[in-house]
Amino acid sequence: MERALLVRHGESVLGARGLATAKVDVRCPLSERGAAQARALAEEIAGEDIDLCVTSELERTRQTADIALAQRSVRRIVLAELNDPLYGSYEGGPLDAYLAWALANDSAAEPPGGGEGRQTLVARYAVGFRRILDRPERVIFVVAHSLPIAYVLMGLAGLDPAPRVPLVEYAKTHAVSADDL
């Protein structure tokens with residue numbers, strides 16, 4: 001890989017309601033606004049020579065990629081390592097409740113009910129990004145979630161991962177070189 005185009009998926013129907021969801025078997029398509037964001041993304045990347053598209057397993061990332069690449073023949077793969085965090089008992093509830101828990105707990109702590117600790121999560125994201133770096137394709141379009149992209153952007157800014165991470169804008173491209181990633 002020479003360059004990655006990192007993109008957060010478009011707004012989802014559950015995200016628009018402020019709900020936390022990371023389960024693959026829970027339907028969470030794009031909202032109408034999210035579909036419009038993905039169409040705008042298609043225009044933004046129209047001039048990019050993309051060799052591969054990588055998404056997480058979740059519907060909203062795959063749907064964003066489908067819309068953004070609709071008229072293009074680009075090979076696609078799915079990396080579960082880029083999925084959203086497992087929220088445990090916060091799954092399906094208000095994202096703000098999970099964020100309050102995260103701020104009140106150590107990064108090694110796991111959310112109750114089978115959630116995923118932030119240290120584990122960062123390690124999982126690192127594995128996913130290493131897999132992308134090892135790819136032979138030159139330009140890789142990565143449609144994932146706010147958190148893995150935020151961690152990359154924070155790292156590029158010299159910041160350590162934190163309990164509260166700024167949200168990455170929906171369907172906006174962040175180009176990074178292999179060295180940066």
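These are my notebook entries on a predicted model, written as I looked things up.

**Entry 1: the sheet**

I began with the strands. Five of them form an open sheet, and I read the order as 3-2-4-1-5, with mixed pairing. Strand 3 (75-78) and strand 5 are the edge strands; each has a single partner strand, so one side of each is left without a neighbour in the sheet. From one strand to the next, the twist averages 25°.

Next I looked at how strand 5 is held. Strand 1 and strand 5 run antiparallel and are joined by five bridges. Along this pair I found Leu6 opposite His174 of strand 5.

**Entry 2: Thr173**

I stayed with strand 5, which covers residues 173-177, and picked Thr173. Is Thr173 buried or exposed? Its relative accessible area is 15%, and the cut-off for buried is under 20%, so I noted Thr173 as buried.

Which side chain does the side chain of Thr173 meet in a polar contact? I found Glu44, at 2.9 Å. Setting aside neighbours within four places in sequence, I listed Leu5, Leu6, Val7, Leu41, Glu44 and Ile45 as the contacts of Thr173. Leu6 is thus a contact of Thr173 and also the residue that stands opposite His174.

**Entry 3: the loop before strand 5**

I then stepped back to Ala171, which sits in the loop between helix 6 and strand 5. Ala171 caught my eye: its phi is positive, about 50°, although it is not a glycine. Ala171 has 8% relative accessibility and so counts as buried.

Ala171 led me to Ala38, since the two are in contact. I found Ala38 in helix 2. Its relative accessible area is 0%, so I wrote Ala38 down as buried too. Besides Ala171, and leaving aside neighbours within four places in sequence, Ala38 touches Leu30, Thr64, Ile67 and Ala68. I also checked Ala38 against Glu11: they are 27 residues apart along the chain, and their C-alpha atoms are separated by 9.0 Å.

**Entry 4: helix 3**

Thr64 and Ala68, both contacts of Ala38, are among the buried residues of helix 3, along with Glu59, Arg60, Thr61 and Ala65. What do the buried residues of helix 3 pack against? My list reads helix 2 (32-44), strand 2, strand 3 and strand 4.

One general point helped me read that list of buried residues: an α-helix has 3.6 residues a turn, so residues three or four places apart point the same way.

**Entry 5: helix 6**

How many of the 11 residues of helix 6 are buried? I noted eight, so this helix (residues 146-156) is mostly covered. The buried ones are Ser146, Leu147, Pro148, Ile149, Ala150, Tyr151, Val152 and Met154. They pack against strand 1 (3-8), helix 5 (118-133), strand 4 (139-144) and strand 5. After helix 6 comes Gly158, with a positive phi near 80°.

**Entry 6: the largest pocket**

Last, I looked for open space. The largest pocket holds about 540 Å³. Its lining has 30 residues, and those nearest the centre are Arg8, Tyr87, Leu95, Ser146 and Leu167. Which helices each supply at least two residues of this lining? I found helix 1 (13-16), helix 4 (95-104) and helix 6. Ser146 therefore turns up twice in my notes: as a buried residue of helix 6, and as one of the residues nearest the centre of the pocket.

Notes: Residues numbered from 1 in each chain as written. Predicted model: local features only at pLDDT ≥ 70, side-chain atom pairs only at ≥ 80, totals over all residues. Heavy atoms only, no water. Helix = DSSP H or I, 4+ residues; strand = E, 2+ residues; numbered from the N terminus. Buried < 20%, exposed > 50% of the residue type's maximum accessible area, 1.4 Å probe, protein only. Polar contact = N/O pair within 3.5 Å; in protein donor to acceptor, adjacent residues only side chain to side chain. Contact = heavy atoms within 4.5 Å. Pairing = 2+ DSSP bridges. Axes fitted to C-alpha atoms, helices over the stretch in contact; angles between N-to-C directions. 1 Å grid on protein atoms, 1.4 Å probe; cavity = no way out; pocket = protein on both sides within 12 Å on 5 of 7 lines; lining within 4 Å. Points joined across faces, edges and corners; volume = space filled by probe spheres on them.
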